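Student: I should like to take a close look at one part of this structure, namely its main nonpolar core and the helices that pack around it. Could you please guide me through it?

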Amino acid sequence: MLFVYFFIRVGQEILMDDNFPDDEIEIELFPIAVQLAYVQQLLGRKQDAMEAYTDIIKRDLADESSIAVAVNNLISLKGPKDVSDSLRKLDRLKEKETQNFELARGLDLKLLAKQKEAIYSNRVLLLLHANKLDQARELVSRLPEMFPESVVPVLLQAALLVRENKAGRAEEILAQFAGKFPDKSKIVFLARAQVAAAAGHPHIAADSLAKIPDIQHMPATVATLVSLKERAGDIDGAAAVLDSAIKWWSNAMTEDNKLNTIIQEAASFKLRHGKEEDAARLYEDLVKSQGNIEALVGLVTTVARLDVNKAELYEKKLKTLPGLKGIDVDSVERTSGVKQVDAPHVAVTETQEEGKNKAKAKKKRKRKPRYPKGFDPAKPGPPPDPERWLPKRERSSYRPKRKDKRAAQVRGSQGAVVREKHDAAASINNSNPKSNQATGSKGAAAVSEQTKPSSKSSKKKSRN
């Protein structure tokens, strides 16, 4: 870090001595600023590195290669967050004349092979996160020709196949590549083991790990292999892995020896699968070599299933717990229950129990239901109408009002009946009261008689 700052300071002094303007000095030092941001990224100062990369990209004053490195490193820091923005930033680096993603010609000549491979790899990963599988497939198909000696293209191809739910095909491709390039097979077999384990193929995952000799004795590898073989139902193979690891660590001349850890795990594994004699032998070796309490307890519990007398001999080597010297175990086993304690303690416990019972009683108290005013729960009456919340028009009991058909009938010519009724009423009102009482019915009859022929004539006209 100080080394990079030193270079920036020296560069500023040299350029100032050559009478460079401040803007040109800043442009000339942009590549060192990118390297400084990369050092911050390696040191774990991700926020500072992201701010530096963002500032360089926004100002767009540096050369093409520096901007490309800044864009790629910023995308790697952001990861799957804001995938669309990262893809837009990468589009700045592509050749504008081509539809597919290809680096600009001048940029392609300036960048190193590893830098170009990192940019293309990040592009594929972003496309997978964005679920743009067609574009990812097209780009992955071109990577083996662009980087024939690299492992990255085959790993990206396997990742694409896994995303397409083709784990079996991914396992085949990784196995073929490992056969062609044995010197690069370690990372390929690790990837194959991960793909197979995630796809539910434990035997393939265990076989892939077994082909990496450098890590066979490591505790993490041993635990993984044992777990995978257990899932595959190969108990003997899992035991063989543990035995091989014990043999390797027994002959290893290292300061950080993992023999005791491997032996303890192997003993518990064999005890779990019904191999008590082998487990007892391992625990006994562990007690002789290390003498820890955990191994001795395991030895006692294991030997107790085979030989009780021998288990009692080992049990005497266990340290007694403080406060248990005056207790007679036989008398405790013969007692039927707990010994009675003094009265004050009983009183305290009784009061505590009473308090707890009262608290429980308070918690269990149920409130009386609240009924509407005037409601008697003993005589609830008929049940309420289930359709009472529906509008009246939507209820099953709704019947629309029928219109009076007679009121709509109009006889004769338009306005004839109304005029005749008006004339009849006027004549009745103009007559004297006595004659009204006598002729009221006759007048009404006359009106009705007058209406009859008019109706007949209207019917005849309508027929005609």
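Tutor: The following account goes from the whole chain to the core, and then to some helices and single residues.

The model is predicted. The protein chain has 24 helices and zero strands. Of its 464 residues, 30% count as buried. Among contacts between residues at least 6 apart in sequence, 45% join residues at least 24 apart.

Let us turn to the core. In soluble globular proteins, nonpolar side chains tend to be buried together. The largest nonpolar core in this model has 38 residues. Tyr 53, Leu 90, Leu 93, Leu 103 and Ile 119 are the residues with the most contacts inside it. At least two core residues are supplied by each of the helices H3 (30-42), H4 (46-59), H5 (64-78), H6 (83-91), H8 (113-129), H9 (133-146) and H10 (152-163). The largest share, eight residues, comes from H5. Another core, of 30 residues, lies apart from this one, and includes Leu 228, Ala 238, Leu 259 and Val 287.

Ile 119 offers a good view of the main core. When residues up to four places away in sequence are not counted, Ile 119 touches Ala 68, Asn 72, Leu 90, Leu 93, Phe 101, Leu 103 and Leu 111. Of these partners, Leu 90, Leu 93 and Leu 103 are themselves among the residues with the most contacts inside the core.

We may now consider how some of the helices pack. Two packed helices are described by the angle between their axes and the distance between the axes. The axes of H3 and H4 come within 8 Å and cross at roughly 155°. Because this angle is over 145 degrees, H3 is roughly antiparallel to H4. The crossing of these two helices is left-handed. On the H3 side, the residues that meet H4 are Phe 30, Ala 33, Val 34, Ala 37, Tyr 38, Gln 40 and Gln 41. Their partners in H4 are Asp 48, Ala 49, Ala 52, Tyr 53, Ile 56 and Arg 59.

H4 also packs against H5, at an angle of about 140° and with the axes 9 Å apart. This crossing, too, is left-handed. Here Lys 46, Ala 49, Met 50, Tyr 53, Thr 54, Ile 56 and Ile 57 in H4 meet Ala 70, Val 71, Asn 73, Leu 74, Leu 77 and Lys 78 in H5. Tyr 53 therefore deserves attention: this residue of H4 takes part in the packing against H3 and in the packing against H5, and belongs to the residues with the most contacts inside the core.

The loops that join these helices also repay study. Most residues other than glycine have a negative phi, and most peptide bonds are trans. Asp 82, in the loop between H5 and H6, has a positive phi of about 55° although it is not a glycine. Asp 82 is partly exposed, with a relative accessible area of 43%. In the loop between H8 and H9, Asn 131 likewise has a positive phi, of about 60°, and is not a glycine.

Terms used: Residues are numbered from 1 along each chain as its sequence is written. This is a predicted model: local features need pLDDT of at least 70, side-chain atom pairs count only at pLDDT 80 or more; totals for chains, interfaces and linings use all residues. Side-chain values use heavy atoms; hydrogens and water are left out. A nonpolar core is a set of buried Ala, Val, Leu, Ile, Met, Phe, Trp, Tyr and Cys residues joined through side-chain atoms within 4.5 Å. Buried means under 20% relative accessible area, exposed over 50%, partly exposed in between (1.4 Å probe, protein chains only). Helices (H or I, at least four residues) and strands (E, at least two) are DSSP runs, numbered from the N terminus. Contact means heavy atoms within 4.5 Å. Axes are lines fitted to C-alpha atoms, for helices over the stretch in contact, and angles run from 0 to 180 degrees between N-to-C directions. Angles under 35 degrees count as roughly parallel, over 145 as roughly antiparallel, 65 to 115 as roughly perpendicular and the rest as oblique. A crossing is left-handed if the near helix is turned anticlockwise from the far one by less than a right angle, and right-handed if clockwise.
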